[in-house]
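Work through the three exercises below with the model open. Each task is followed by a stepwise solution.

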Amino acid sequence: MPTPTVRLRRLASELRRLRSAADLTREAVSEQTGINQATLYRIETARTRPQARTLTALLDAYKVVEPKRSEMITLLRESAHRGWLPTFSSDLPERYASFIEFETERARC
């Protein structure tokens, strides 16, 4: 399994924070949106990238408004982009690959 991108990790972290700020459990979000609790867990731990409609449903449930809403959608779009690392990642232990990806992302800022 490839390591998640820095942007995907950031998206996951923000979604956890937004759910917490909305004072909702994964169970409550699942009931409200129809999104499986296991799927929510995988999204919030950056194990999977949500589909756009899933992200929209979560943002609606968390009552996220502009400009944060657009920021999250942009983050989702950018989370699919991988840098140069995948070319070499099979030769590196995962912890090093993650570290290099974090450093690459930081250099872009």
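Contact here means heavy atoms within 4.5 Å. This is a predicted model: local features need pLDDT of at least 70, side-chain atom pairs count only at pLDDT 80 or more, and totals for chains, interfaces and linings use all residues. Residues are numbered from 1 along each chain as its sequence is written, and side-chain values use heavy atoms, without hydrogens and water.

**Exercise 1.** Place Arg19 and list what Arg19 touches.

Step 1. Find Arg19 in helix α1. Helices are DSSP runs (H or I, at least four residues), numbered from the N terminus.
Step 2. Check burial. Arg19 has a relative accessible area of 14%. Buried means under 20%, exposed over 50%, partly exposed in between (1.4 Å probe, protein chains only). Therefore Arg19 is buried.
Step 3. Skip residues up to four places away in sequence. Arg19 then touches Leu24, Thr25, Arg26, Val29, Glu44 and Tyr62.

**Exercise 2.** Which residues of α3 are buried, and against which helices do they pack?

Step 1. The buried residues are Leu40, Ile43 and Glu44.
Step 2. They cover an arc of only 90° around the axis, so they sit on the same side of α3. The arc is taken from the directions from the helix axis to the C-beta atoms.
Step 3. These buried residues of α3 pack against α1, α2 (26-33) and α4.

**Exercise 3.** Find the contacts of Leu58 outside its sequence neighbourhood.

Step 1. Set aside neighbours within four places in sequence.
Step 2. Leu58 is then in contact with Leu15, Val29, Ile35 and Leu40.

Definitions and conventions: Helix = DSSP H or I, 4+ residues; strand = E, 2+ residues; numbered from the N terminus.
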